[in-house]
Amino acid sequence: MPNPIATLGVAAAIFIGGAGLVAAQDLERAVQARQSLMTLYGHYLGQLGAMAKGETPYDAAKAEAAATSLAGLATLDESAMWPEGSDNGALGDKTRALPVIWTTYPAITEKMQAAADATAALAKVAGTDLDSLRAGIGPVGKSCGDCHETYRAPKD
């Protein structure tokens, strides 16, 4: 007859190990979600930047749509995408997020708000004309850069 205490111990070890695996998967999903969000930001910024630089013709409807989409992304609640322990110190090369992100509240939220404000302002003017797009995209790039320079590790 099996020892009930030993059986309970084995079951607890399996449960705890499984919980650790689930937690690791949750962290990786959070990283994937925020990287996907950054890919979407890049998609819309790429369209707008190409127009602003004269690499593609200015198209008011496309500029307005891209800027509106960008502003919509900036309003998403990203909190579940940034759980503690989902940094490059904990997850290695799966992310470039620096651990300092989780020690700088409310500074990080202020940077996120600046990005939301800048994208909202851009959305109001991007479809007006090329000069307005050019004027509006600068603060968006600055807000992105401010966050990335502080909270993202450089590429190897």
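**Ser143, helix 5 and a tryptophan pair**

Let me begin with one side chain: that of Ser143 reaches the backbone oxygen of Val140 at 2.8 Å, a polar contact in the sense of N or O atoms within 3.5 Å, where, within protein, one atom must be able to donate a hydrogen and the other to accept it, and residues adjacent in sequence count only if both atoms are side-chain atoms. Before going on, I should say that this is a predicted model, in which local features need pLDDT of at least 70 and side-chain atom pairs count only at pLDDT 80 or more, while totals for chains, interfaces and linings use all residues. Residues are numbered from 1 along each chain as its sequence is written, and side-chain values use heavy atoms, with hydrogens and water left out.

Ser143 sits in helix 5, helices being DSSP runs of H or I with at least four residues, and strands runs of E with at least two, numbered from the N terminus. Because its relative accessibility is 7%, Ser143 counts as buried, the term meaning under 20% relative accessible area, with exposed over 50% and partly exposed in between, for a 1.4 Å probe and protein chains only. Leaving aside neighbours within four places in sequence, Ser143 is in contact with Ala114, Ala115 and Ala118, where contact means heavy atoms within 4.5 Å.

Turning to the helix as a whole, the 22 residues of helix 5, residues 130-151, should span 32 Å at 1.5 Å a residue, and the end C-alpha atoms are indeed 32 Å apart; the expected span is 1.5 Å times one less than the number of residues. Its buried residues include Leu133, Ile137, Val140 and Cys147. At the start of helix 5, a side-chain oxygen of Asp129 comes to within 3.2 Å of the backbone nitrogen of Asp131.

Now the rings. How many aromatic pairs does the structure hold? There is 1 aromatic pair, and it is formed by Trp82 and Trp102, tilted, at 6.3 Å centre to centre and 50 degrees between the planes; rings of Phe, Tyr and Trp (its six-membered ring) pair if their centres lie within 6.5 Å, with planes under 30 degrees apart stacked, over 60 edge-to-face and the rest tilted. Trp82 lies in the loop between helix 2 (60-74) and helix 3 (88-91) and Trp102 in the loop between helix 3 and helix 4 (107-125), so the pair ties together parts 20 residues apart in sequence. Trp82 is buried at 17% relative accessibility, as is Trp102 at 14%.

Overall, the protein has 5 helices and 0 strands.
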